[in-house]
Amino acid sequence: MKNRKQNFWLTLAPLLLLIAIQMGVSIFAQELTFVVGIYQNQDLTYTQLMEALYKTLTNTLFYDAMLLIYAVIAFAILSIWYYCFKKEGNFDFVSEGGIREVITNTKDSLKGYSKLLIPGVLVTGFGMQVVMEYFQSALSMQFPNWLVDYQRALDNIGLGKSFSGQTVLIIYMILGPVVEELAFRGLTFGYARRRMSFWAANILQALFFAIFHMNMLQGVMAFFVGLLLGYIYGKCKNIFVVIFLHWSFNGFSFVIQQVDLTRVSPILFCICLITCMMMIYLGAKLILYSFPKGVKEKAEDTDIHLRKF
């Protein structure tokens, strides 16, 4: 019972940690802004001072700076945590017979992967982005308030009108996916897998991943994306593979946003949607087929080859 409670809190801990870092950085930045603002603007009236501080706190650059600080701190903590987690011993759970599959022998390295990994990642990322764009459009028409909340979140970080900000690119394209993969696929899935079946652990980490996005529209999409990322990670136990896939998914959003997919004909819409679903399947198959030939999970009384899809 004690181990179950411990694993439950360890499964939940990465999500709580990210939220705590965000809140801590936000509170510290706001308090520091107030102190500096009061010190530098002593000649202003109270109303003028509040207006100046409000403009600073609602400025996109201020928000981007907070996100960058959050991302750097989260990356540093989660990297160390994930390293210790893999080093201490990572166990998969098998319900029947009480066999626990040891997977510490699987290292986070791209050595030995075939060149099929690159097209697999690109094809899967593109297919996922197009399907999620269609899915987002459908949900937006059904739930307009979700779109308003989502657009407000994008505007706050400078993604609503342009992708040109260097800080936003660093967060959205590089650090963000790394932090999220370490937290949800690496740690949440890893801890959950100690006490749950594969799909139970995968659904749980995808749910936490969705909750982390803090708005319904993005959360629903994040859940399904998280399921696929969790599936890939569960098969390869390699954090770099899902980080590259996450980079690919986010990167293609720059391209897809330039195209209005809602204005195509119904027939072309169906063809495009089916094609992209097939791309996701084929891309994922290429990723799994690219695994090194000698990679496998060593389990007590059983060997499970990862090249199976």
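Accessible areas here come from the Shrake-Rupley method with a 1.4 Å probe. On that basis the protein, which is a predicted model, exposes about 17000 Å², and carbon and sulfur atoms supply 67% of this surface. Of its 309 residues, 42% count as buried. Among the contacts with a separation of 6 or more, 77% are accounted for by residues 24 or more positions apart.

The secondary structure consists of 10 helices and 4 strands. Read from the N terminus on, the elements follow the order α-α-α-β-β-α-α-α-α-α-α-α-β-β, and the part of this chain considered in what follows is the stretch from α7 to α10.

Helix α8 spans residues 216-236 and helix α10 spans residues 266-289, and the axes of these two helices come within 11 Å of each other while crossing at roughly 20°. Because angles under 35 degrees count as roughly parallel, α8 is described as roughly parallel to α10. The crossing in which α8 passes α10 is right-handed. On the side of α8, the contact is made by Leu228, Tyr231, Ile232 and Lys235, and these meet Ile280, Ala284, Ile287 and Leu288 of α10. Sorted by character, the residues of this contact between α8 and α10 comprise 7 nonpolar, no polar and 1 charged; since Lys is among the residue types that count as charged, the charged member can be recognised as Lys235 of α8.

The loops on either side of α8 each hold a residue with a backbone feature worth inspecting. In the loop between α7, which covers residues 198-212, and α8, the reader will find Met214. Although Met214 is not a glycine, it has a positive phi of about 65°. The relative accessible area of Met214 is 56%, and Met214 is therefore classed as exposed, the cut-off for that class being over 50%.

Beyond α8, in the loop that leads to α9 (239-256), lies Lys237. Lys237 is likewise not a glycine and nevertheless has a positive phi, in this case of about 55°. Is Lys237 buried or exposed? Its relative accessibility is 2%, so Lys237 counts as buried, given that the term applies under 20% relative accessible area. The two loop residues thus share a positive phi, at about 65° for Met214 and about 55° for Lys237, whereas Met214 is exposed and Lys237 is buried.

Methods. Residues are numbered from 1 along each chain as its sequence is written. This is a predicted model: local features need pLDDT of at least 70, side-chain atom pairs count only at pLDDT 80 or more; totals for chains, interfaces and linings use all residues. Side-chain values use heavy atoms; hydrogens and water are left out. Axes are lines fitted to C-alpha atoms, for helices over the stretch in contact, and angles run from 0 to 180 degrees between N-to-C directions. Angles under 35 degrees count as roughly parallel, over 145 as roughly antiparallel, 65 to 115 as roughly perpendicular and the rest as oblique. A crossing is left-handed if the near helix is turned anticlockwise from the far one by less than a right angle, and right-handed if clockwise. Contact means heavy atoms within 4.5 Å. Buried means under 20% relative accessible area, exposed over 50%, partly exposed in between (1.4 Å probe, protein chains only).
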